[in-house]
Structures are given as structure tokens and as C-alpha cells.
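Visitor: Please take me through one part of this model closely. I would like to start with a ligand site and then see the chain around it.

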Amino acid sequence: MTSGVLDPGLSDKLRQLGAFDAERCMSCGICTAICPMGISTLPRRVMRLAALGLEDEVRAQREAIFSCLLCRACEVSCPAGVHIADNVRLLRSWLLRGEL
Amino acid sequence: MPLSTRDVVGVLADNLRLRGSVLPISSRRATRWARDLSLPRGGETVLYTGTMYQLIPYIERLVRLEELLGDSRLARLSGLARRANRLVNAVAVVARPRPAEREEYDRVPANVARLLQLAGVEFGYLYEDDLYAGALAYDLGADEAVAAHARRIAGVFRAHGVREAITIDPHTTNMLRSVFPRLVEGYDVRVRSYLEVLADSSLPVRRKVGRGVVIHDSCVYARAEHVIEAPRHLLEAAGLDVGEPERSRAATWCCGGPAESLYPSKALAVASKRVEQLGEVAADCVTMCPICLVNLRKAANGRMSFRDISEYLLEASLGSDEARGPSPAPGTAPAAAPLARTW
Ligand code: SF4
Ligand code: SF4
């Protein structure tokens with residue numbers, strides 16, 4: 001899981017795009033159990049990878065990131081109050097930089 | 001092969017930049033619903049449709065075309081499609097719904113206008129300046145195009161002296177109420193869903209509808225905008241027996257629509273699960289979002305009926321069937337018709 005390029009600045013880059021707060025994630029997995037998309041990486045692993053700044057690993061999750069419904073079912077149960085859907089939206093914006 | 005996120009979001013962002021909507025239709029088509037209503041132009045309070053309901057029949061046509069082409073051919077063509085769409089508005093060329101298809105969705109903004117009039121609310125309409133609010137492009141991360149579009153709409157509000165916008169769908173409500181204040185400095189337009197406005201008014205009820213229905217909450221209304229009690233209050237006042245599905249209110253289960261433009265089979269799986277949950281309560285379901293309406297109908301494939309909340313409220317308020325379009329019994333058209341991918 002930690003084979004990618006470690007980028008401690010990734011969170012800062014994402015915070016320049018908006019209110020990114022994945023560092024609050026405690027990796028409890030409640031969100032993944034609730035998520036209607038049933039994708040094992042969504043959203044717990046995506047939040048962890050982004051919070052750790054593993055840029056290549058985050059890029060490899062492109063399909064999971066664009067599959068998210070932004071429905072916030074996970075958010076209302078997150079014990080750490082992570083703004084999961086907003087974080088996913090910011091990751092999309094970051095992934096698309098220079099592509100549009 | 002999945003569609004290219006870059007090309008799909010690129011087409012949507014290009015359209016927003018060049019033509020003011022992710023799926024541009026002519027202003028004549030977008031405002032047709034209001035042509036016999038003599039609504040005043042502009043004013044301090046406006047009914048803002050964001051053209052969401054009016055776009056649905058065009059989306060349905062595009063989806064049928066996509067289904068004919070198939071995902072892998074479409075994926076190969078998507079880069080070319082983006083380049084062509086920059087020159088010619090592809091929606092106007094390929095998406096041509098029949099009048100009956102348009103009328104079904106045009107009826108919703110007309111219903112809402114009549115309900116507000118019956119409740120004694122004074123409002124105007126911006127006609128060709130009533131623009132799509134940019135929700136899909138925002139959700140997919142096309143931030144620069146959306147920020148410019150938000151400034152354009154804020155400029156329209158300023159030019160018309162608009163102080164309050166009454167919205168008719170959750171996505172436009174969310175953009176205008178919760179997103180635009182973050183994107184446009186000094187933006188201070190008051191935004192309320194028509195359901196909130198009607199729940200605070202004295203909407204007359206001339207005939208109780210007297211029917212059992214199951215309610216489907218929109219994720220955006222329930223979890224982002226906290227519009228939960230207003231629709232229940234209005235439906236109960238209209239005489240409906242409102243059943244709650246397994247997941248409802250702030251715990252509602254998504255219709256799958258937001259994934260439809262990129263991953264239609266995943267979206268269908270989510271919608272099918274929701275149809276099962278709803279079907280356990282009643283055969284008739286009330287929706288309050290055009291995206292939920294088309295996705296759930298498509299997944300149900302005629303096993304249940306889905307109608308917009310405005311149809312029930314107007315039926316009770318007028319005391320007649322005058323406002324209602326065809327009310328499909330479960331298992332009959334239009335619920336069984338091929339329906340939309342919700343771009
Ligand atoms: S529920 Fe919240 S804290 Fe738990 S894994 Fe998900 S994002 Fe992290
Ligand atoms: S917002 Fe995204 S990650 Fe969270 S439950 Fe919905 S689909 Fe899953």
C-alpha cells in the first residue's frame with residue numbers, strides 16, 4: 001500500500017482547492033460499510049491515501065473517486081466528522097487539473 | 001471500457017463555458033412551460049428552475065443514442081465528440097425529444113408556479129436568464145468553469161434586482177444556497193426550495209387525495225439542505241398516507257443518478273436496491289428531484305409508479321385532476337419506457 005510517492009504536500013495542494021480535511025479520518029471503516037457503491041476502497045482507503053499524501057496511490061483510485069455519488073450517506077455516520085463528499089470532490093478537481 | 005472522465009467532464013465544462021449549460025437547449029424550449037402563465041419578468045423574488053426538469057427529455061434521448069452506440073464505441077468516440085462539440089452544439093443536433101416527452105417534465109415547473117400562486121406567493125420569472133446552475137460540472141470537479149458560471153448567474157441576479165430565489169429541485173437549491181456563497185464574493189441572495197416556501201404558507205387543500213404512497217428523500221435535500229419535514233407536512237396536509245422506506249430522512253439511500261454519466265451499471269445497481277426498499281412499502285412512490293425520478297423509473301422498469309411531489313400537491317390544492325398528467329399504474333408506461341442517464 002505504501003509503494004507510491006510520498007507527498008506530504010498533497011493535503012496542502014488540496015486545501016488550496018477547498019476545505020480538505022481527510023487527516024481527521026481514524027480509519028474506522030464505518031463509511032465503507034455504509035457506502036451504497038460497495039467499492040472496497042471507497043471511501044476509507046481513499047481518505048487514508050489522500051491524508052498520507054500518497055499521490056500515485058490516489059491517482060490509481062481514479063475510478064473509485066469518480067464513482068462516488070457524493071450522497072453523503074457515509075458522512076452522517078462518520079465519528080470523526082470528516083467531510084468525505086467534499087474531499088472526494090476536491091480530489092476530482094485535483095485529478096482533472098491540466099486535463100480540461 | 002468505461003467512458004473517459006477527462007472527455008466527459010471536458011464536454012460538460014466546454015458547454016458550461018460556451019453555452020451556459022452542461023446540456024444546452026434553446027431558451028424557447030427551456031421557457032416553453034411558462035408561455036401561458038403570464039408570469040412577470042424578474043422582480044425581487046423569482047421562481048428559479050435552473051432548467052433541470054426541462055432538460056430531462058433531452059437527456060433521455062442522449063441516453064438512448066448512447067445505448068445504441070454501446071459503451072466501448074462511445075469510449076473510442078469520446079475524444080472526437082469533445083472536439084466536435086466545441087464547434088457545434090451536439091445536444092441540439094442529436095437530442096430531439098417528442099412533444100409528449102417534453103410536456104411530462106415541463107409540467108413540473110408549471111405545477112410549482114400554480115402552487116405558489118394558489119398559496120398567495122408573489123414572484124416573477126427570469127425567462128431566458130433562468131440558467132442551469134452547474135451542479136453536475138461542480139460535482140465532477142470542473143471548478144474553474146463552475147466558478148465563472150456562478151459569477152455569471154450572480155450578475156444576472158444583480159441586473160434584475162433579485163433578492164430571493166425560489167427553487168424547484170434539490171441540486172439547484174444546493175448550488176444557489178450552499179455553493180455560490182463560497183464561489184462569489186458578496187453573494188447574498190436568499191434561496192428556498194418551493195417546498196419550504198409552501199410549508200410556511202397557507203396552501204389551500206380543496207380535496208384530500210386519500211392514497212398510500214412511499215416517500216423517497218433526495219440525498220441532497222435531506223443531507224445537504226435539510227429539507228426533510230416540509231415535503232412530509234405538505235403531503236400529509238394533502239391527504240396522503242406517507243409511508244417511510246427502510247432508509248429515509250437523513251439516512252436516505254441514493255437513487256444512483258450521480259454515477260450515471262460515467263458508470264451506468266453501478267448506478268443501476270444502486271437504484272435497483274432502492275426500488276426494492278421502496279416497493280416493500282407501497283406501489284406508488286413520491287419523488288422530489290428529476291434525477292431521482294428518471295433513475296428510479298428506469299430501475300423499476302414498470303414494477304412501481306413514480307410521480308413528482310408537485311403533481312400530488314396540485315391535485316389536492318385544485319381539488320381536481322386538472323393538473324395531473326397520466327398517473328401510471330405500476331407495470332404500465334411511462335414508467336416502463338426507456339429512461340435517462342442523468343448528466
Ligand atoms: S467513517 Fe470517518 S473516520 Fe471512519 S474510516 Fe470513514 S472517514 Fe475515516
Ligand atoms: S458520498 Fe460517496 S463514499 Fe460516501 S457513501 Fe456516498 S457514494 Fe459512498
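**Chain A and its ligand shells**

Guide: The shell around ligand 1 is made up of eight nonpolar residues, two polar and one charged. This is a predicted model. Several cysteines take part: A:Cys25, A:Cys28, A:Cys31 and A:Cys78 are among the residues surrounding ligand 1. A:Met26, A:Ser27 and A:Gly29 also belong to this shell. So do A:Arg44, A:Pro79, A:Ala80 and A:Ile84.

Now to ligand 2. Its shell holds 10 nonpolar residues, no polar ones and one charged. Cysteines appear here too, including A:Cys35, A:Cys68, A:Cys71 and A:Cys74. The surroundings of ligand 2 also include A:Pro36, A:Met37, A:Leu42 and A:Pro43. A:Leu69, A:Leu70 and A:Arg72 are found around ligand 2 as well.

Next, the chain itself. Chain A has six helices and zero strands. Along the sequence its pattern reads α-α-α-α-α-α. The C-alpha atoms fit a box of roughly 30 × 25 × 25 Å along the principal axes. A compact globule of 100 residues would have a radius of gyration near 13 Å, and the 12 Å of chain A agrees with that.

Two helices lead back to ligand 1. Helix α3 of chain A covers residues 44-52, and helix α6 of chain A covers residues 84-96. Their axes come within 11 Å and cross at roughly 60 degrees. That angle makes α3(A) oblique to α6(A). The crossing of α3(A) past α6(A) is left-handed. From α3(A), the contact uses A:Val46, A:Met47 and A:Ala50. From α6(A), it uses A:Ile84, A:Asn87, A:Val88 and A:Leu91. By class, this contact has six nonpolar residues, one polar and no charged. A:Ile84 thus appears twice: it helps surround ligand 1, and it is part of the contact between α3(A) and α6(A).

Chain B offers another helix pair. Helix α6 (residues 99-118) of chain B and helix α15 (residues 309-318) of chain B have axes that come within 9 Å and cross at roughly 40 degrees. α6(B) is therefore oblique to α15(B). Here, too, the crossing is left-handed. On the α6(B) side, the contact residues include B:Arg107, B:Val108, B:Asn111 and B:Leu115. On the α15(B) side, they include B:Glu311, B:Leu313, B:Leu314 and B:Leu318. The residues of this contact divide into seven nonpolar, three polar and three charged.

Conventions
Residues numbered from 1 in each chain as written. Chains lettered and ligands numbered in written order. Predicted model: local features only at pLDDT ≥ 70, side-chain atom pairs only at ≥ 80, totals over all residues. Heavy atoms only, no water. Axes fitted to C-alpha atoms, helices over the stretch in contact; angles between N-to-C directions. Helix = DSSP H or I, 4+ residues; strand = E, 2+ residues; numbered from the N terminus. Parallel < 35°, antiparallel > 145°, perpendicular 65-115°, else oblique. Left-handed = near helix turned anticlockwise from the far one by under 90°. Contact = heavy atoms within 4.5 Å. Nonpolar A, V, L, I, M, F, W, Y, C, P; charged D, E, K, R; others polar. Near = heavy atom within 4 Å. Rg over C-alpha atoms; globule rule 2.2 N^0.38 Å.
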